[in-house]
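Subject: Structure handover

Hello,

Please find the structure below. My notes on it follow.

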Amino acid sequence: MTEDNKPLVRIEGLHKYYGHHHVLKGIDMTVKKGEVAVVIGPSGSGKSTMLRCVNLMETISAGRIHVGDALIGHREINGKLHDLHTKEIAAQRRNIGMVFQKFNLFPHMTALENVIEAPVQVKGQNKNEAKNRAHELLKMVGLGDKTQHYPSQLSGGQQQRVAIARALAMEPEVMLFDEPTSALDPELVGDVLNVMKDLARSGMTMIVVTHEIGFAREVGDTLTFMDGGVVVESGDPRAIIADPQHARTREFLSRVL
Amino acid sequence: MNLKDDAPVLNHSVPVRHPWRWFSAAVIILVVLVFASTFFTNPKYGWDIVGKYMLDTRVVQGVGWTLFLTVTSMALAIVLAIILAIMRQSDNPVLRWTAWFWVWFFRGTPVYTQLIFWGLVTVLFPLISVGFNGQELIHIVVTDPTKGLVPAILGLGLNESAYLAEIFRAGLKSVDKGQNEAAQALGMSNGKIMWRIILPQAMRIIVPPTGNETIGMLKTTSLVLAVPYTLDLTFVTNALANRLYTPIPFLIIAAFWYLLVTSILMVGQFYIEKHYGKGVDGGAPQVMNPDALKAQMAGLGAPKMSGQ
């Protein structure tokens with residue numbers, strides 16, 4: 001049981017520059033196994049960039065990120081960091097699922113083909129096994145009857161749920177959600193959030209960048225408020241939402257609640 | 001079907017009349033008729049010769065060789081173009097600049113000149129000899145037993161690869177960046193991402209202009225006399241025309257065959273476009289909801305059902 005208390009994701013002193021633009025200014029954050037960490041903040045606060053650094057969608061300018069035992073993107077030899085080869089980075093990413101704001105389903109494949117693509121092509125899983133598993137996953141996200149549909153034949157909410165199933169098919173240890181409901185029509189947000197809540201309750205470790213304060217309150221284990229590239233406040237979601245300690249957090253919450 | 005009593009009274013408005021459509025149609029039909037009438041009155045068309053030589057063995061073989069040149073040189077060009085387009089996107093600056101130079105060179109010189117050059121390779125390099133320390137290791141006498149076929153394919157294919165490389169590059173760039181990210185996030189290798197995710201989507205953009213290039217290539221093969229290669233349709237019909245002093249019937253024969261092959265290629269292009277349009281264009285297999293299915297069962301034809 002002590003295993004469960006060891007942080008699964010450790011972000012230490014993370015900095016990110018785009019040219020001279022200093023986007024992340026020293027982020028520290030830990031997420032334990034089975035925890036749901038919700039990250040909020042105004043646009044441009046760096047919350048998406050921080051999330052994208054975790055699976056190396058963005059390069060890391062300074063600092064270290066560990067997921068499990070893996071040091072993301074680097075190998076440390078005698079205190080000096082060496083970049084990993086593309087193949088090694090790909091291997092690290094297999095353990096980290098990601099769901100994007102714009103779904104990014106493969107439009108030339110059906111929902112089922114989207115879900116089995118990585119297990120079959122990357123893990124070398126048997127195609128029939130992968131299909132069985134994909135049917136289960138699609139049923140789990142409420143799309144058991146849409147397996148043969150192409151993304152263009154699905155609504156935004158349905159596409160995002162296929163995208164969640166696709167990420168889960170790789171059986172990742174941690175799931176990253178990058179504003180998963182921001183591109184959805186309001187009436188479709190609920191279905192996606194319900195799938196995410198189920199996932200959270202099933203014990204999946206999740207980092208969720210979102211504007212959905214209700215989600216944070218309901219299933220979040222920690223809430224991190226970011227602004228201007230730094231963590232302003234973090235802690236228990238219900239405590240922060242009820243009684244924010246910083247003026248900037250108060251101001252932000254008053255605008256989104 | 002069963003209109004109720006309170007159904008709306010339709011307007012039945014008088015449509016706008018278009019007299020100029022009728023006028024222009026009449027003018028065009030008249031011009032075409034006048035021109036067509038010369039088919040019967042002008043003996044220089046030589047319809048008897050057209051009929052006699054249309055299926056002549058030499059002509060039909062010429063069509064075959066023209067098709068063979070088109071297909072092989074396009075295949076060579078497509079393979080090279082994919083490699084070049086990927087090189088252009090590479091992180092490696094040496095590959096990037098090599099691809100750029102290739103396109104610059106082969107697009108910047110006339111294909112006719114390139115064909116002459118390939119025909120002269122055996123003159124330029126009659127012998128390839130690799131040695132070390134006075135010891136000859138490899139000794140190859142360069143000959144062309146194919147009588148110009150290989151130089152013709154190389155000349156046409158390499159020239160075309162430069163144009164196709166640009167088409168492929170545009171196609172690869174047209175695929176949304178998010179596709180690459182999603183595939184990367186799933187842990188796919190760069191090779192898999194290219195072949196399974198990016199290229200299939202890029203093909204939708206690549207196929208129409210490539211079909212255009214293929215039809216262009218069919219006719220560019222008529223330049224292979226520069227090599228010289230002498231079995232293609234244009235060369236054969238020209239040779240026959242010169243021998244019989246009747247150029248016009250043989251031009252008609254050549255035009256007929258080129259048009260026929262072009263039409264066949266267009267049909268092929270249609271099906272290739274349909275294949276790569278799946279999921280995006282209207283080409284997505286129709287997934288039926290139960291009501292629509294019932295409606296179709298009641299109507300004509302078997303429904304196209306996909307799914308469990």
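I start with a hairpin in chain A. Between β6(A) and β7(A) there are two residues, and A:N78 in this hairpin has a positive phi near 50°. The two strands, β6 (residues 74–77) and β7 (residues 80–83) of chain A, run antiparallel and are joined by four bridges. Across the hairpin, A:R75 stands opposite A:H82 of β7(A). Please keep in mind that this is a predicted model.

Chain A also has an open sheet. Its four strands come in the order β2-β1-β4-β5, with antiparallel pairing. At the edges are β2 (21–32) and β5 (70–71) of chain A, each of which pairs on one side only. Inside that order, β1 (residues 7–18) and β4 (residues 62–67) of chain A run antiparallel, with five bridges between them. One residue to look up here is A:H15, whose bridge partner in β4(A) is A:A62.

There is one annotation to pass on. An unreviewed UniProt entry gives "domain: ABC transporter" for residues 9–253 of chain A. In the model, that span is 37% helix and 28% strand, and its end C-alpha atoms lie 26 Å apart.

Now to chain B. This chain has 308 residues, of which 34% count as buried. Its secondary structure consists of 12 helices and two strands. Along the sequence, the pattern is α-α-α-α-α-α-β-β-α-α-α-α-α-α. Taking the contacts in chain B with a separation of 6 or more, 71% are between residues 24 or more positions apart.

Next, how the chains meet. Chain A brings 32 residues to the contact and chain B brings 26 residues. Together they bury about 2,500 Å², with 57% of this on carbon and sulfur atoms. Which three residues supply more of the area that chain A buries against chain B than any other three? They are A:F106, A:H108 and A:Q121, which supply 23% of that area. A:F106 appears in another finding too: the charged end of A:R166 sits over its ring, 4.5 Å from the ring centre.

Last, the aromatic pairs. Over all chains, the count comes to 18. One of them joins B:F39 and B:W47: their ring centres are 5.6 Å apart and the planes stand at 75°, and because planes over 60 degrees apart count as edge-to-face, the pair falls in that class. Are these residues buried or exposed, or something in between? B:F39 has 29% relative accessibility, so it counts as partly exposed. B:W47 has 39%, so this residue counts as partly exposed as well.

B:F256 and B:W257 make another edge-to-face pair, with 5.6 Å from centre to centre and 75° between the planes. Here B:F256 is partly exposed, at a relative accessible area of 40%. B:W257 has 12% relative accessibility and counts as buried, because the cut-off for buried is under 20%.

Chain B also holds a cluster of rings linked by ring pairs. Its members are B:W97, B:W100, B:F101, B:W102, B:W104, B:F105 and B:F106.

To go through the model yourself, you could start at the A:N78 hairpin, move on to A:F106 at the contact with chain B, and finish with the ring cluster in chain B.

Regards

Conventions. Residues numbered from 1 in each chain as written. Chains lettered and ligands numbered in written order. Predicted model: local features only at pLDDT ≥ 70, side-chain atom pairs only at ≥ 80, totals over all residues. Heavy atoms only, no water. Phe/Tyr/Trp six-rings, centres within 6.5 Å; stacked < 30°, edge-to-face > 60°. Buried < 20%, exposed > 50% of the residue type's maximum accessible area, 1.4 Å probe, protein only. Lys NZ or Arg CZ within 6 Å of the ring centre and 35° of its normal. Pairing = 2+ DSSP bridges. UniProt positions renumbered as here; feature names shortened; annotations may be inferred. Contact = heavy atoms within 4.5 Å. Buried area = accessible area lost by both parts, 1.4 Å probe.
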